Amino acid sequence: MLRTGAQFRLTCGQQTVIVVELGGALREYRVGGRPVADGFEADDPIEGGRGQLLVPWPNRIGDGRYRWQGRELQLPVNEIEHANAIHGLLRWTSWQAVEQADGRVVLATTLWPQPGYPFHLVARVQYALDRHGLTVEITARNLGDTPAPYGVGQHPYLAVGPARSTTCF
């Protein structure tokens, strides 16, 4: 088994996208053989959040502490050097394919209630590739009976090609 789990390959014309099971991450996006995303190899560790989905928050929470509806909650601190809870709780979770068709894959995972985030969510991501490019749609459904704090983001690293102009802006 690969370090990043199952690989889901989408193609459309000269475009290729590869999404992985681990964290539902975007591993590769190429157009005409040229990288658009600076991804990672299937058996490499994911570094720096590269391509990962950031659910249920896309930022850093200092000391892992936050207040929600009058309660003080404590998340695990997973960016030790800066004392932060960083980029959510689903980056290292298995996301399963629930739909797959030409040029499209939908992955889903469950976020179970836990210390610091006592809420129950089902998260889904759809990657769709067509002649206009790649579309990524991330949604979540709260299965609990109380409101849950929620934010989302993704950490694609764009591939920077050679400079095309010497003009400074």
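Which side chain of opposite charge is nearest to the buried R91, and how far away is it? The legends below start from the whole predicted model and come to R91 in the second view.

**View 1. The whole chain, an all-strand layout.** This is a predicted model, and its secondary structure comes to zero helices and 14 strands. Read along the sequence, the pattern is simply β-β-β-β-β-β-β-β-β-β-β-β-β-β. The C-alpha atoms fill a box of roughly 50 × 45 × 30 Å along the principal axes. Of the 169 residues, 40% count as buried. As for contacts between residues at least 6 apart in sequence, 52% of them join residues at least 24 apart.

**View 2. R91, a buried arginine with no salt bridge.** Back to the opening question: the nearest side chain of opposite charge is E79, and it sits 7.8 Å away from R91. A salt bridge would need a side-chain nitrogen within 4 Å of a carboxyl oxygen, and R91 has none, although it is buried. What R91 does have is a polar contact of 2.7 Å, side chain to side chain, with Q52. R91 itself belongs to the loop between β9 (84-86) and β10 (96-101). Leaving aside residues up to four places away in sequence, R91 touches L22, G23, G49, Q52, L53, L54 and I86. Q52 therefore turns up twice in this view, as the polar partner and on the list of residues touched.

**View 3. The sheet β10-β11-β12-β13.** Here four strands make an open sheet in the order β10-β11-β12-β13, with antiparallel pairing. β10 and β13 (133-142) are at the edges with a single partner strand each, so one side of each has no neighbour in the sheet. Ignoring direction, neighbouring strands of this sheet are turned by 15° against each other on average. Strand β11 (residues 104-111) runs antiparallel to β12 (residues 121-130), and eight bridges join the two. To pick out one position, look for V105, whose bridge partner in β12 is Y127.

**View 4. The β12-β13 hairpin and V136.** Zoom in on β12 and β13, and you find 10 bridges joining the two antiparallel strands. The hairpin between β12 and β13 goes through two residues. L121 stands opposite N142 in β13. Also in strand β13 is V136, which at 31% relative accessibility counts as partly exposed. Is V136 far along the chain from V125, and what separates their C-alpha atoms? The two residues are 11 apart along the chain, and 6.9 Å separates their C-alpha atoms. Not counting residues up to four places away in sequence, V136 touches V125, Q126, Y127 and Q154.

**View 5. The sheet β1-β2-β3-β4.** This view shows an open sheet of four strands, ordered β1-β2-β3-β4 and paired antiparallel. β1 (7-12) and β4 (34-35) are the edge strands, and each pairs on one side only. Strand β3 (residues 26-31) and β4 pair in the antiparallel sense over two bridges. For a landmark here, try R30, which stands opposite P35 in β4.

**View 6. A cis peptide bond at V55 to P56.** Going from V55 to P56, the peptide bond is cis, with omega near 5°. P56 is found in the loop between β5 (53-54) and β6 (60-62).

**View 7. D63 and A83, two positive phi values.** Neither of the residues in this view is a glycine. D63 has a positive phi of about 60° and is placed in the loop between β6 and β7 (65-68). With 39% relative accessibility, D63 counts as partly exposed. A83 has a positive phi of about 55°, and its place is in the loop between β8 (71-74) and β9. A83 is partly exposed too, at 29% relative accessibility.

Key: Residues numbered from 1 in each chain as written. Predicted model: local features only at pLDDT ≥ 70, side-chain atom pairs only at ≥ 80, totals over all residues. Heavy atoms only, no water. Buried < 20%, exposed > 50% of the residue type's maximum accessible area, 1.4 Å probe, protein only. Lys, Arg positive; Asp, Glu negative; His and termini not counted. Polar contact = N/O pair within 3.5 Å; in protein donor to acceptor, adjacent residues only side chain to side chain. Contact = heavy atoms within 4.5 Å. Pairing = 2+ DSSP bridges. Axes fitted to C-alpha atoms, helices over the stretch in contact; angles between N-to-C directions.
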